[in-house]
Amino acid sequence: MRKLMSIALGYIISFLVIAQGIGQQISKEEMLFLTPNWSGERYEDGRPKVSDEILDRMKAVTHEEAWAVLKVISTNMQKTGKPSIPIAFWLGGP
């Protein structure tokens, strides 16, 4: 569950940093710790590189919608040990 949540958190952090144009607030080591399952490319500071298509899709997602997805995944993980919907489906992961 922690790995799944760290992947989702990594995507959300990446979205906030890139889409909002703000500087990274955590160290490279912390970013790598939060996103250990990312298999794609990374920026020099450790942020996962995601496609422009995913970023464009994420711009339309509200905070409430993003947290709702995480809540569903988390709740199901607590009950069954497996996510109800693969995270890659929601986030377009590698």
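## Overall layout

The chain has 5 helices and 0 strands. Going along the sequence, that gives the pattern α-α-α-α-α. Keep in mind that this is a predicted model.

How much of the chain is buried? Of its 94 residues, 32% fall in that class. As for how the chain meets itself, take the contacts between residues at least 6 apart in sequence: 54% of these join residues at least 24 apart.

## The nonpolar core

Which residues make up the largest nonpolar core? There are 5 in all: I7, Y11, W38, V50 and L55. V50 is a handy place to start looking around in here. Leaving aside residues up to four places away in sequence, V50 touches Y11, W38 and L55, and those three are also members of the core.

## Aromatic rings

If you're hunting for aromatic pairs, the count comes to 0. There is still a ring worth a click, though: the charged end of R47 sits over the ring of Y43, 4.5 Å from the ring centre.

## A cavity

How many cavities of 30 Å³ or more turn up? The count is 1. The largest cavity holds about 40 Å³ of space.

Its lining is made of Y11, S14, F15, V50, I54, L55 and M58. Two helices, α1 (2–20) and α3 (52–59), each supply at least two residues of that lining. Some names come back from the core section: Y11, V50 and L55 line the cavity and also belong to the largest nonpolar core.

## Three residues to look at: I26, F33 and T35

Start with I26, in the loop between α1 and α2 (28–34). Is I26 buried, exposed or partly exposed? I26 counts as partly exposed because its relative accessibility is 26%, and that class runs between the 20% and 50% cut-offs. Not counting residues up to four places away in sequence, I26 touches M31 and L34. What about I26 and G46, which are 20 residues apart along the chain? Their C-alpha atoms are separated by 9.7 Å.

Next comes F33, which has its place in helix α2. Is F33 buried or exposed? F33 is exposed, because its relative accessible area is 66% and the exposed class begins over 50%. F33 and S6 are 27 residues apart along the chain, and 8.2 Å separates their C-alpha atoms.

Then there's T35, in the loop between α2 and α3. With a relative accessibility of 3%, T35 counts as buried, since the class takes in anything under 20%. Which residues does T35 touch, once those up to four places away in sequence are left out? The answer is S6, G10, R42 and P48. S6 has now come up twice: T35 touches S6, and S6 is the residue whose C-alpha distance to F33 was given above.

So, setting F33 and T35 side by side, F33 is exposed at 66%, whereas T35 is buried at 3%.

How values were computed:
Residues numbered from 1 in each chain as written. Predicted model: local features only at pLDDT ≥ 70, side-chain atom pairs only at ≥ 80, totals over all residues. Heavy atoms only, no water. Core = buried A, V, L, I, M, F, W, Y, C linked by side-chain atoms within 4.5 Å. Buried < 20%, exposed > 50% of the residue type's maximum accessible area, 1.4 Å probe, protein only. Contact = heavy atoms within 4.5 Å. Phe/Tyr/Trp six-rings, centres within 6.5 Å; stacked < 30°, edge-to-face > 60°. Lys NZ or Arg CZ within 6 Å of the ring centre and 35° of its normal. 1 Å grid on protein atoms, 1.4 Å probe; cavity = no way out; pocket = protein on both sides within 12 Å on 5 of 7 lines; lining within 4 Å. Points joined across faces, edges and corners; volume = space filled by probe spheres on them. Helix = DSSP H or I, 4+ residues; strand = E, 2+ residues; numbered from the N terminus.
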